[in-house]
Amino acid sequence: ILFERLSMIENVVFNTAPDIEILSVGRERRPVIVYDNILLNPEQLLDYAETGAAFETTPSDYYPGVRKSIGGNYAESLCRALASSLESEFDQLLRGDPRVDLCALSMTTTEPSRLRPIQSLPHFDTSDGAQLAVIHYLCGPQFGGTSFYRHRQTGFESITGDRVHSYASTLKEEVVTAKFPGQTYVDGDSLWFERTASIKAKFNRAIVFPGNVLHSGDINTDCGLSGEPRHGRLTANTFINFSTE
């Protein structure tokens, strides 16, 4: 398993018997796995978030906030902890050995007035069906969880390689025609998208889903967009890729 050793965190302990719920989302019945109490020592991640290297923005990243790389044993231990349930629910996707493409703490800090239009729409992380996304919530439910969406015009709930061009062109035409204003976080049903499911944030809860599924954070701006880890929407985000290429 490959993962960066830039900022180190050691000895995270994953729960060998977390509470697990398996969902099938939308008409496409895409699997989403919910793990509660996934870490036995989640406070260690909060301590890590408050020390060492600072959170930073990445110009090429569409994430509406700041990130901080996680090295050490977190990503490797996460892959081991999820192995059995991933094999049972995503067996058709897991073609190769796991490679961690991203492992970072993330905090949503961008004010709605500063969002780019693409940040005001549900998104997909990749069209590669062999990549899974893991969101590990390190905040309470008041900060907002994650919702999944269907694009009304195309009916797509996931964007595969053979769908990406038609989806992009259709969405662009819709946005231009409607003079899409942007500058707002996604909040349920809209003219272009229908929400198919929503999972609440909960401290020490993790969700796993295919990275090509349309989704968005349910960002509650009423709670503020604090850059302080214990007072903001803090998550650990990991992309695990099982592609053989």
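This report describes the nonpolar cores, strand pairing, cysteines and selected loop residues of a predicted model.

Residues are numbered from 1 along each chain as its sequence is written, and side-chain values use heavy atoms, with hydrogens and water left out. Because the model is predicted, local features need pLDDT of at least 70 and side-chain atom pairs count only at pLDDT 80 or more, while totals for chains, interfaces and linings use all residues.

## Nonpolar cores

The largest nonpolar core (a set of buried Ala, Val, Leu, Ile, Met, Phe, Trp, Tyr and Cys residues joined through side-chain atoms within 4.5 Å) has 33 residues, and those with the most contacts inside it are Y35, Y74, L82, L86, L105, V208 and L234. Here buried means under 20% relative accessible area, exposed over 50%, and partly exposed in between, with a 1.4 Å probe and protein chains only. At least two residues of this core come from each of β2 (30–36), α1 (43–50), α2 (74–89), β4 (99–108), β5 (131–137), β8 (205–210) and β10 (234–241); helices (H or I, at least four residues) and strands (E, at least two) are DSSP runs, numbered from the N terminus. The most is given by α2, with six residues. Apart from neighbours within four places in sequence, L82 is in contact (heavy atoms within 4.5 Å) with Y35, I38, V134 and V208. A second, separate core of 13 residues includes V34, I135, I207 and F209.

## T235 and strand β3

T235, which is found in strand β10, is buried with a relative accessible area of 2%. Its side chain makes a polar contact with the side chain of N237 at 2.6 Å; such a contact is a pair of N or O atoms within 3.5 Å, where within protein one must be able to donate a hydrogen and the other to accept it, and residues adjacent in sequence count only if both atoms are side-chain atoms. Leaving aside neighbours within four places in sequence, the contacts of T235 include A104, L105 and S106 as well as I135, H136, Y137 and L138.

In strand β3 (residues 65–69), five of five residues are buried. This strand pairs with β4 in the antiparallel sense over five bridges, two strands being paired if DSSP finds at least two bridges between them. The bridge partner of V66 in β4 is M107.

## The open sheet

An open sheet of three strands has the order β7-β6-β9, with antiparallel pairing. Because β7 and β9 (215–217) stand at the edges, each with a single partner strand, one side of each is left without a neighbour in the sheet. Neighbouring strands of this sheet are turned by 30° against each other on average, direction ignored; axes are lines fitted to C-alpha atoms, for helices over the stretch in contact, and angles run from 0 to 180 degrees between N-to-C directions. Helix α3 (residues 164–178) packs on the sheet, touching β6 and β7, and its direction makes about 90° with that of β6.

## Cysteines and loop residues

The structure holds zero disulfides, a disulfide being a pair of cysteine sulfur atoms within 2.5 Å. Two cysteines are listed below with their closest cysteine sulfur.

| Cysteine | Closest cysteine sulfur | Relative accessibility |
|---|---|---|
| C79 | C103, 8.6 Å | 8%, buried |
| C139 | C223, 9.2 Å | 4%, buried |

N37, in the loop between β2 and α1, has a phi near 60° and counts as partly exposed at 37% relative accessibility. N204, in the loop between β7 (193–199) and β8, has a phi near 70° but counts as buried at 5% relative accessibility.
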